Structure formats: C-alpha cells, structure tokens
Amino acid sequence: MPDCPDSDEFLLQATGRGDMAAFSRIVERHQTWAWRVAYRFTGTEEDASDIVQEAFLRLLDASGRYRPTAKFRTYFYQIISRLCLDQAKRKQPLLLETVPDTPDPSPDITDTMMRRENAIAVRAALDALLPNQRLAIVLRYDENLGYEEIASALETTTKAVERLLARGRERLRDMLGRRENFF
Amino acid sequence: MWSCAKNRKHLNAYVDGELPDRARREVEHHLSGCSDCALELDSLRGLAPLLRNEDVPPIPAGLSARILAEAAIRQRRNMVEKTSGRKWPEFLFQLWLVRGATTAALVVGLAMGGWMAWTSQRSSDLEPWMTVANTESAARSIYAFDVLGAEPQGSIEAATLALLANGR
C-alpha cells in the first residue's frame with residue numbers, strides 16, 4: 001500500500017473500501033486534465049463531459065480491484081483513452097461550422113477573427129486524423145507525455161507511438177501548411 | 001553521416017526528445033550540414049504552438065457534482081448488493097427481456113381468464129341430475145372459484161350455511 005495518505009494511489013484504494021471523500025478528492029484533483037484531454041480529442045463540450053463523467057465512474061467501479069502496481073495517472077489515462085476511442089467509433093467527425101466559440105479577451109477584432117479562424121482550421125485538421133493518431137497528438141502536445149506514457153495509455157508500443165505521431169504530424173502539416181502564416 | 005531519408009525517419013523522435021544520445025548526435029550532425037532537413041525540422045517544430053493552444057473552455061459548472069451524485073448512487077447500490085448477498089445480473093434489466101416477460105404474463109393471464117369463464121359456463125349448463133352430490137365440493141367450486149360466472153352465485157354467508165347444512 002502506498003505510504004503517503006494523500007497520494008492518488010492511496011486515495012483510490014480508500015475509494016475501493018467505500019471512502020467517498022477520497023473519491024471526491026480524486027475528482028477534484030484530476031478533473032481539469034481529464035476534461036482537457038477529452039475536450040481536445042472530441043472538440044465538443046457535450047461529448048467531453050460524457051467522457052469525463054464515465055471515466056470517473058469507471059474508476060470508481062474499478063477501485064475495489066485496483067492494486068498500486070501502475071501509477072494512478074497511467075491507469076486513468078488508459079481509461080480516458082479507451083473512452084475517447086470508443087466515442088470516435090460511434091461519432092462522425094465534427095463539421096467546421098459547429099466548432100464552438102471560445103472566449104477571447106483580446107479587444108482587437110482582427111486578432112480575434114484570426115485566432116478563431118486558426119482554431120477552426122486546427123480543429124478540422126485534428127478531426128481529419130485517425131482517432132489513435134489524434135489521441136497520440138493530444139497526449140503529446142497538451143499533456144506533454146513521453147512515448148512510454150502514451151504507449152501505456154494507448155496500450156501499444158513506443159515504436160507504434162512514434163509512427164502514430166509521425167503520420168499524424170505529416171497529415172496535420174499537409175492540411176495546415178496550405179494556410180498562410182502557419183509555418 | 002546519415003542520409004536525409006534515414007535522418008528524417010528519426011526527426012519526430014528528435015523533436016520529442018526521445019532519441020538515445022548516439023542517434024541524437026547523428027541527427028544534429030546531419031542537420032548542421034543539410035538545409036533541407038533543417039527546414040523539415042522547423043516545420044515540425046512549427047506545429048507545437050498551434051497544437052498547444054489554450055482554447056479549452058472551462059469545465060462545465062456542475063460536472064463534478066454530477067459525477068459525485070452518480071458515484072454516490074452506484075456506491076449505495078453496491079452496498080445494498082453486498083448486504084443482501086446477491087447481485088442482480090445486468091441482463092435482467094434489458095428492455096427486450098422486460099417486454100417479453102410482460103407479453104408472456106399478458107398471454108397467460110388471458111388464457112387463464114378464458115379457461116375459467118369456459119368452465120363456469122359449463123357448470124351453469126348442467127342438468128339437475130348431473131349436479132355433484134358432494135355439497136362441500138360444489139360449494140367450493142361455486143363460491144370460491146367462479147369469479148367469472150355470468151350471474152352472481154350467492155354470498156359468503158350462503159356458502160357457509162350450505163356447508164353447515166351438509167355437516168349436519
């Protein structure tokens with residue numbers, strides 16, 4: 001059993017014994033990055049909310065069987081990755097017109113429009129990737145994970161991750177490279 | 001020195017800082033003398049600021065409360081299952097099974113009702129000489145089971161009197 005009573009592994013084991021305060025602490029601690037991964041992968045708040053909620057509930061269900069042989073984050077990345085890929089199987093790619101507005105504090109309207117246009121282009125390019133390429137890109141760029149961690153989350157090898165990232169980047173450059181001011 | 005093809009094969013891992021020392025030195029050696037590969041490297045690095053954007057909206061208000069509420073429900077359900085010592089299999093709650101069971105219950109109910117109506121009709125058609133001599137069993141069949149009879153067959157008091165008369 002992990003020594004530190006505030007470690008994620010300890011809290012998850014406590015959750016497995018029915019301690020809902022420990023579960024609440026886990027949700028509070030990890031919801032931000034879980035949300036970020038899910039949102040960057042899906043591009044919609046609704047789908048991202050569903051994924052985050054289901055991920056935490058699966059974590060709760062699995063907490064009774066959890067043994068701290070793997071790091072908590074690795075374990076949770078796996079759950080989220082599976083849910084993201086399952087969601088991609090069910091869902092069609094997002095249409096350009098449905099890219100949501102994001103708040104922009106900049107008063108300069110030209111800058112705002114440029115940013116929005118770029119965000120739409122990046123979103124469309126991400127959506128054009130294969131789901132596992134998109135997830136590898138999200139985990140690499142948004143979460144700054146190394147190949148080993150991405151491989152663990154996607155349940156594959158580091159070589160496969162390298163290939164996924166290389167192909168994903170190639171596709172992104174093909175799509176975004178046509179636009180001015182990108183590179 | 002590595003060829004451009006070999007160098008580019010390793011550029012992604014180089015950008016990500018995942019190359020072992022020796023391979024990293026080879027890539028850097030190649031890059032120092034190859035402007036094409038250096039451009040390729042710039043292009044790969046140019047993706048980072050685009051992809052690491054901050055356009056992620058805040059977590060919807062109430063999401064964590066929703067998660068915790070659902071978690072509490074699941075936890076209670078698990079506790080009940082543990083204390084009752086049995087777990088209802090998930091398949092019992094499938095819609096097709098519920099619909100099938102309801103239809104089957106309806107069919108069985110209708111069949112039983114029809115059968116009872118038919119038997120009660122038959123008993124009211126009997127000739128006097130065909131009546132059952134045993135008053136007790138007749139009273140039971142008339143007063144206890146003939147709920148679908150065409151006309152009222154009497155009351156509980158009448159049945160009791162019939163039974164008492166037979167006893168005497």
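The exercises below work through a predicted model of two chains, A and B.

Residues are numbered from 1 along each chain as its sequence is written, chains are lettered from A and ligands numbered from 1 in the order in which they are written. Local features need pLDDT of at least 70 and side-chain atom pairs count only at pLDDT 80 or more, while totals for chains, interfaces and linings use all residues.

**Exercise 1. Describe the secondary structure and burial of chains A and B.**

Step 1. Helices (H or I, at least four residues) and strands (E, at least two) are DSSP runs, numbered from the N terminus. Chain A has 8 helices and 0 strands; chain B has 7 helices and 0 strands.

Step 2. A residue counts as buried with 20 or more other C-beta atoms within 10 Å of its own, as exposed with 12 or fewer, and as partly exposed in between, with C-beta atoms placed from the backbone. On this basis, 37% of the 183 residues in chain A are buried. For chain B, the share is 8% of 168 residues.

Step 3. Two residues are in contact if their C-beta atoms, placed from the backbone, lie within 7 Å. Of the contacts in chain A with a separation of 6 or more, 63% are between residues 24 or more positions apart. In chain B, 53% of the contacts between residues at least 6 apart join residues at least 24 apart.

**Exercise 2. Characterise the side of chain A that touches chain B.**

Step 1. The contact involves 37 residues of chain A and 28 residues of chain B.

Step 2. Helices H2 (20–42), H3 (45–63), H5 (109–128), H6 (131–141) and H8 (158–176) of chain A each give two or more residues to this side. H2(A) gives the most, with 11 residues.

Step 3. Ala, Val, Leu, Ile, Met, Phe, Trp, Tyr, Cys and Pro count as nonpolar, Asp, Glu, Lys and Arg as charged, and the others, Gly among them, as polar. The side of chain A that touches chain B then divides into 20 nonpolar, 8 polar and 9 charged residues.

**Exercise 3. Locate the largest nonpolar core and follow the contacts of A:Ala38.**

Step 1. A nonpolar core is a set of buried Ala, Val, Leu, Ile, Met, Phe, Trp, Tyr and Cys residues joined through C-beta atoms within 7 Å. The largest has 54 residues, and A:Ala38, A:Ile80 and A:Ala136 have the most contacts inside it.

Step 2. H2(A) supplies the largest share of this core, 10 residues.

Step 3. Not counting residues up to four places away in sequence, A:Ala38 touches A:Ala48, A:Ile51, A:Val52, A:Ile80 and A:Cys84.

**Exercise 4. Determine the surroundings of A:Thr74.**

Step 1. A:Thr74 lies in helix H4 of chain A. It is partly exposed because 13 other C-beta atoms are within 10 Å.

Step 2. Leaving aside neighbours within four places in sequence, A:Thr74 is in contact with A:Glu149, A:Ser152 and A:Ala153. A:Ser152 is 78 residues away along the chain, yet the C-alpha atoms of A:Thr74 and A:Ser152 are separated by 6.8 Å.

**Exercise 5. Analyse how H5(A) meets H8(A).**

Step 1. The axes of H5(A) and H8(A) come within 9 Å and cross at roughly 140°. Axes are lines fitted to C-alpha atoms, for helices over the stretch in contact, and angles run from 0 to 180 degrees between N-to-C directions.

Step 2. H5(A) is therefore oblique to H8(A).

Step 3. A:Ala121, A:Val122, A:Ala125 and A:Ala128 in H5(A) meet A:Arg171, A:Leu172, A:Met175 and A:Leu176 in H8(A). These residues divide into 7 nonpolar, no polar and 1 charged.

Terms used. Angles under 35 degrees count as roughly parallel, over 145 as roughly antiparallel, 65 to 115 as roughly perpendicular and the rest as oblique.
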